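Here is a short tour of the model, going from one residue out to the whole fold. Have a look at it first, then read on.

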Amino acid sequence: MKILFSPLFKKVLSFITFSLIVIFIFGLVNIEYSSLGISEPLFTITEQAIIIFDIIFWAIVGLLTLELLIAYLKIRNTKSFVKKYWLEIIMLVLMPVFVGFKILKVSLKIIKQVKIGKTVFKLFQKMKKS
């Protein structure tokens, strides 16, 4: 338990988390290249690469959770903990929400298709009435 509170452990944990964040951002830019206005990806995107970057994302969430857990165990006062680490808590809670944007992106495509279908249907009905 003593090792969890050591400055060296905290530095190593922060370094690993930061490194994974850099790798994840590089992968995210590469995966979402068309959304960012880049003409082609920096490296070939495979299904395995996408899975690896999803795993990296959840590893980052886990490491950030571990950092907050260690900070709480050190303080052991909920009020003080929330006062001191409120921004980190909010960021950690919102991170999985951003994964939902992938789902939103697919949902928007479906909504556009439904709207186009609805428009075509209305045009067909108007043509039929004429």
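A residue counts as buried when its relative accessible area is under 20%, and as exposed when that area is over 50%. Keep those two cut-offs in mind, and keep in mind too that this is a predicted model.

**Two residues, two settings**

Let's start with Thr17, which is found in helix H1. Is Thr17 buried or exposed? With a relative accessible area of 4%, Thr17 is buried, because that value falls under 20%. Its side chain also has a partner in the backbone: it reaches the backbone oxygen of Leu13 at 2.8 Å. Leaving out residues up to four places away in sequence, Thr17 touches Leu63, Leu64 and Glu67.

Now for Arg76, which sits in the loop between H2 and helix H3 (78–129). Arg76 is exposed, because its relative accessible area of 56% is over 50%. Its backbone is worth a look as well: phi of Arg76 is near 60°, a positive value in a residue other than glycine.

| Residue | Place | Relative accessible area |
|---|---|---|
| Thr17 | helix H1 | 4%, buried |
| Arg76 | loop between H2 and H3 | 56%, exposed |

**How H1 meets H2**

Two packed helices are described by the angle between their axes and the distance between those axes. What are the angle and the distance for H1 and H2? Helix H1 (residues 7–31) packs against helix H2 (residues 47–75) at an angle of about 150°, and their axes are 9 Å apart. That angle makes H1 roughly antiparallel to H2, since the cut-off for that label is over 145 degrees. The crossing of the two helices is left-handed.

Which residues make the contact? On the H1 side they include Phe9, Leu13, Thr17, Leu20, Phe24 and Ile31. On the H2 side, among them are Ile50, Phe53, Phe57, Leu63, Leu64, Glu67 and Ile70. So Thr17 from above is part of this contact, and its neighbours Leu63, Leu64 and Glu67 belong to the H2 side. Sorted by class, the contact of H1 with H2 has 18 nonpolar, three polar and one charged residues.

**The whole chain**

Zooming out, the protein has three helices and zero strands, and from the N terminus on its elements run α-α-α. Of its 130 residues, 15% count as buried. Among contacts with a separation of 6 or more, 60% come from residues 24 or more positions apart.

Terms used: Residues are numbered from 1 along each chain as its sequence is written. This is a predicted model: local features need pLDDT of at least 70, side-chain atom pairs count only at pLDDT 80 or more; totals for chains, interfaces and linings use all residues. Side-chain values use heavy atoms; hydrogens and water are left out. Axes are lines fitted to C-alpha atoms, for helices over the stretch in contact, and angles run from 0 to 180 degrees between N-to-C directions. Angles under 35 degrees count as roughly parallel, over 145 as roughly antiparallel, 65 to 115 as roughly perpendicular and the rest as oblique. A crossing is left-handed if the near helix is turned anticlockwise from the far one by less than a right angle, and right-handed if clockwise. Contact means heavy atoms within 4.5 Å. Ala, Val, Leu, Ile, Met, Phe, Trp, Tyr, Cys and Pro count as nonpolar, Asp, Glu, Lys and Arg as charged, and the others, Gly among them, as polar. Buried means under 20% relative accessible area, exposed over 50%, partly exposed in between (1.4 Å probe, protein chains only). A polar contact is a pair of N or O atoms within 3.5 Å; within protein, one must be able to donate a hydrogen and the other to accept it, and residues adjacent in sequence count only if both atoms are side-chain atoms.
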